[in-house]
Amino acid sequence: MADRFQDKTYYAELLRIGLPIMVQNLIFSGLLMIDNVMIGGLGSAAISAVGIANRLSFVFILLLFGVNSGACGFSSQFWGKGDLVSVRKVLGVSLHLCMAAAVPFFLVSQFLPRQVIAFFIRDARVVELGAAFLRINGWSFLVQSVSATYAIQSRAWGAPGRRWSPASWPSP
C-alpha cells in the first residue's frame, strides 16, 4: 500500500480515469448553474416551478444511475476477461431497462404535468409554469436513458485502445 503513494503509473492511471469523470461533472454542474441564472431572470415563480419540476428529473436520474452502476460492475468484469459478447449483452439489457423506465416518466411529464407540480405546491402560477417546463423537459428522459447508459457503461471499459481497439467496443 505504501508503494502506491510512490508509484507514478498509479497516479497517471488515476488521472486518466478520473479526469474525464471530473470534466463531465464540471460541465453538468456548470449547465445547472447557467440554467438557474437564466431562470432567475424570470422571477421567483419560475425558479420555484423549475425546482419542483426537476424533482421528477432527479428521481429519474437516480434510477438511471442505479441501473447502470449495477450493470457497470458486470461490464467491467466481462471487459477484464475479454468477453465482449457478455459486455454487449449487459449493455443491451441496461439500455433496454433504462429506455423502458424512461417511457413512464415521459408519459407522466406529457399527460400529468399539472398533477405532478400540484402535488408539491398549490400556487396556480407556479403550477402552470412548472407544467409547461415539465412538458418540454419530459422529452429529455428519452434521450437521457440512452446517453446515461453509454456514459456510465463506458467507464467500465477503460480507455480506448488500452486493451481493445475501438473497433471492438461494445454495441448493443
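**Figure 1. Six helices and zero strands make up the chain.** The model is predicted. From the N terminus on, the elements run α-α-α-α-α-α. The chain has 172 residues, of which 30% count as buried. About 10700 Å² is exposed, and carbon and sulfur atoms supply 71% of that area. Among contacts with a separation of 6 or more, 77% join residues 24 or more positions apart.

**Figure 2. Helix α1 bends at Gly18.** The helix covers residues 8-40, 33 residues in total. From first C-alpha to last, α1 reaches 46 Å, close to the 48 Å expected at 1.5 Å a residue. The bend at Gly18 is about 30°. A proline, Pro20, follows within four residues.

**Figure 3. A nonpolar patch on the surface includes Leu15.** Leu15 lies in helix α1. The patch is formed by Leu15, Leu19, Met22, Val23, Ile27, Leu31, Met33, Ile34, Val37 and Met38. Together these residues have about 1000 Å² of accessible area.

**Figure 4. Helix α2 bends at Arg55 and is followed by Gly82 with a positive phi.** Helix α2 spans residues 44-81, 38 residues in total. At 1.5 Å a residue, α2 should span 56 Å; its end C-alpha atoms are 54 Å apart, which agrees. The bend at Arg55 is about 30°. Just after α2, the phi of Gly82 is about 80°.

**Figure 5. Ser75 of helix α2 is buried.** Where does Ser75 lie? Its place is in helix α2. Is Ser75 buried or exposed? Its relative accessibility is 0%, so Ser75 counts as buried; the cut-off for buried is under 20%. Neighbours within four places in sequence are left aside in the contact list. Beyond them, Ser75 is in contact with Val87, Val90, Gln153, Ala156 and Trp157.

**Figure 6. Arg114 and Glu128 form a salt bridge.** The structure holds one salt bridge. In the Arg114–Glu128 pair, the closest N and O atoms are 2.8 Å apart. Arg114 lies in helix α4 (residues 113-120) and Glu128 in helix α5 (residues 124-137), so the pair ties together parts that are 14 residues apart in sequence. Arg114 has 37% relative accessibility and therefore counts as partly exposed. Glu128, at 38% relative accessibility, also counts as partly exposed.

Note on methods:
Residues numbered from 1 in each chain as written. Predicted model: local features only at pLDDT ≥ 70, side-chain atom pairs only at ≥ 80, totals over all residues. Heavy atoms only, no water. Helix = DSSP H or I, 4+ residues; strand = E, 2+ residues; numbered from the N terminus. Expected span 1.5 Å × (residues − 1). Bend = angle between axes of the 7 residues up to and from the residue. Patch = residues over 30% accessible without salt bridge, like charges linked within 9 Å, V, L, I, M, F, W, Y side chains within 5 Å. Areas by Shrake-Rupley, 256 points an atom, 1.4 Å probe, with all protein chains shown as cover. Salt bridge = Lys/Arg side-chain N within 4 Å of Asp/Glu carboxyl O. Buried < 20%, exposed > 50% of the residue type's maximum accessible area, 1.4 Å probe, protein only. Contact = heavy atoms within 4.5 Å.
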